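I have opened my notebook for a first look around. Come along and keep the model in view while I jot down what I look up.

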Amino acid sequence: MGRLMTQKQLKTPYKQPFLSTGASSVSAGRLGGDLEGSDASGLALYVHWPWCLQKCPYCDFNSHAASQFPRESYVDAVCRELTAWRGRLGPQRVVSVFFGGGTPSLMKGEEIGQILAKIGQLFNISTDIEITAECNPTSAKGAVFSDFAAAGINRFSIGVQGLSAKNLAFLGRAHSEKEALGSLELALKSVKNVNADLIFGLPEQSLPEWLTQLETMTKLGLTHLSCYQLTIEPNTAFYSQVKRGQWQPLDGDRQADFMEATREVLLGADYEHYETSNYARPGLACKHNAHIWRYGNYLGVGAGAHGRVMENNRRLATRVRKDPADYLIRMGGENHSALVEEELIIPAVAWREAVMMGLRLTEGIDLQRLERVIHTPVESSGLNMGQLGHLREQGLMWQKGSSWGVSTKGAFVLDAILEAIFSKPV
């Protein structure tokens with residue numbers, strides 16, 4: 001969100017039916033700004049491509065290893081799904097589109113263009129829309145970047161994950177350092193806005209080794225860096241390995257050392273730390289993810305996609321069937337629907353979700369704004385205001401009017417903070 005609660009790019013002589021302005025121009029607003037503007041209104045669209053050439057051992061996303069894909073039928077199904085949602089939601093202003101996966105760089109430029117053209121037909125498009133595609137260095141070669149940019153992509157997110165051969169092998173990545181750096185160079189030739197995903201805190205990784213990789217990345221001209229702590233998720237190969245005692249993750253103190261050093265290096269390289277794991281050049285924070293972290297509406301289409309949408313003044317949690325074959329069968333049916341979940345989100349749950357995501361942002365949360373977004377007073381939120389005050393006194397949180405945020409010190413214990421502020425008052 002590309003993945004949230006969390007949350008790839010191209011070729012062909014595609015004209016640009018989707019955008020009236022240049023697709024590779026970047027005009028993202030600075031994070032912060034008008035909280036009643038682009039961050040709170042509009043709809044973010046997530047399009048899931050469910051296939052990879054191989055499954056990484058740390059990945060718990062809906063991805064399926066394959067070498068052949070039912071391209072035409074899948075793209076047609078996504079377009080039918082979008083059309084069905086337009087009938088339900090009515091006119092919407094789309095502020096971002098994010099192609100995630102899986103490995104979207106296994107798509108073709110004309111397939112990206114077909115989906116973007118359908119979005120342009122169905123919805124109103126924000127003049128400064130951000131359109132991201134995730135890419136894997138092994139599949140983002142040749143004219144992929146230029147083809148995707150010609151189709152309408154104006155932001156790439158490259159799954160670099162690491163640079164050393166040892167770390168890449170441990171993470172199950174098939175690319176080399178040379179291929180990773182080459183992909184970033186090609187991406188920057190096609191668009192101005194490029195992110196690299198990196199993973200730190202590997203079991204035998206030293207802090208100096210990580211900082212050397214990080215400093216290399218800062219010299220490439222990238223607008224955005226996502227630096228994720230290695231986490232062991234259920235239903236992954238790493239989870240099974242750790243459970244069998246084959247290796248152990250770094251302890252919390254060492255992970256905190258990595259986080260603190262990462263922040264120091266990237267702030268010194270003129271990146272802004274705007275979210276727990278994300279850094280951007282001024283004005284170039286990821287619009288799509290920031291929209292979701294601010295509890296804006298987002299629609300997920302494609303196999304396994306999730307969403308949070310408003311329909312008839314009701315907030316719904318949606319989830320699409322994960323298996324691509326099942327998804328295609330369902331989308332070929334009468335209703336053109338592959339939803340496996342469509343659940344009403346009650347205000348108390350909405351508050352919890354909005355606070356949990358919003359406190360990841362360095363700008364924090366504005367309780368008055370969330371009252372308007374959720375249509376419920378803060379008194380009904382379940383927040384323990386006494387605990388908020390106590391955490392502020394400890395220096396773990398800050399307050400400015402109705403806005404609250406987590407301090408730099410508090411960021412290292414965010415999970416504990418969230419548990420405390422949703423505890424019942426004694």
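**A leucine in a loop**

I began with Leu383, which sits in the loop between α12 (367-374) and α13. I kept in mind that this is a predicted model. Is Leu383 buried or exposed? I looked up its relative accessible area, found 11%, and so noted Leu383 as buried, the cut-off being under 20%. Leaving aside residues up to four places away in sequence, I listed what Leu383 touches: Trp351, Val355, Leu367, Val378, Ile421 and Phe422. I also checked Lys409, 26 residues apart from Leu383 along the chain, and found their C-alpha atoms separated by 21 Å.

**Two helices that cross**

From that loop I moved on to helix α13 (residues 385-393) and helix α14 (residues 414-421). Two packed helices are described by the angle between their axes and the distance between the axes. For α13 and α14, I noted that the axes come within 8 Å and cross at roughly 145°. Which residues of α13 meet α14? I found Gln387, Leu388 and Leu391 on the α13 side, and Ile417, Ala420 and Ile421 on the α14 side. Sorting this contact by class, I wrote down five nonpolar residues, one polar and no charged ones.

**A three-stranded sheet**

Next I traced an open sheet of three strands, ordered β15-β17-β16, with antiparallel pairing. I marked β15 (365-366) and β16 (397-400) as the edge strands, since each pairs on one side only. Between β15 and strand β17 (residues 403-406) I found two bridges. Opposite Asp366 I located Ser403 in β17.

**Helix α5 and its faces**

I then checked the length of helix α5 (residues 177-190). Its 14 residues, at 1.5 Å a residue, should span 20 Å, and the end C-alpha atoms are indeed 20 Å apart. I listed Ala180, Ser183, Leu184, Ala187 and Ser190 as buried in α5. Looking down the axis of α5, I saw these buried residues fall within an arc of 125°, so they line one face of the helix. On the other side of α5, I noted Lys178 and Lys189 as exposed. What do the buried residues of α5 pack against? I found α3 (144-151), β6 (155-161), β7 (193-200) and α6 (207-218).

**A hairpin and some backbone angles**

I followed strand β12 (residues 306-311) into strand β13 (residues 314-320), which run antiparallel and are joined by six bridges. The bridge partner of His306 turned out to be Arg319 in β13. These two strands form a hairpin with two residues between them.

Most residues other than glycine have a negative phi, and most peptide bonds are trans. I therefore kept a short list of departures from that general pattern. Asn312, in the turn of the hairpin, has a positive phi of about 50°. I found Asn312 exposed, at 65% relative accessibility. Gln161 has a phi near 70°, and I placed Gln161 in strand β6. Unlike Asn312, which is exposed, Gln161 is buried, with a relative accessible area of 9%. My last item was the peptide bond from Gly101 to Gly102, which is cis with omega near 25°. I found Gly102 in the loop between β4 (93-101) and α2 (109-122).

Key: Residues numbered from 1 in each chain as written. Predicted model: local features only at pLDDT ≥ 70, side-chain atom pairs only at ≥ 80, totals over all residues. Heavy atoms only, no water. Helix = DSSP H or I, 4+ residues; strand = E, 2+ residues; numbered from the N terminus. Expected span 1.5 Å × (residues − 1). Buried < 20%, exposed > 50% of the residue type's maximum accessible area, 1.4 Å probe, protein only. Arc of directions from axis to C-beta. Contact = heavy atoms within 4.5 Å. Pairing = 2+ DSSP bridges. Axes fitted to C-alpha atoms, helices over the stretch in contact; angles between N-to-C directions. Nonpolar A, V, L, I, M, F, W, Y, C, P; charged D, E, K, R; others polar.
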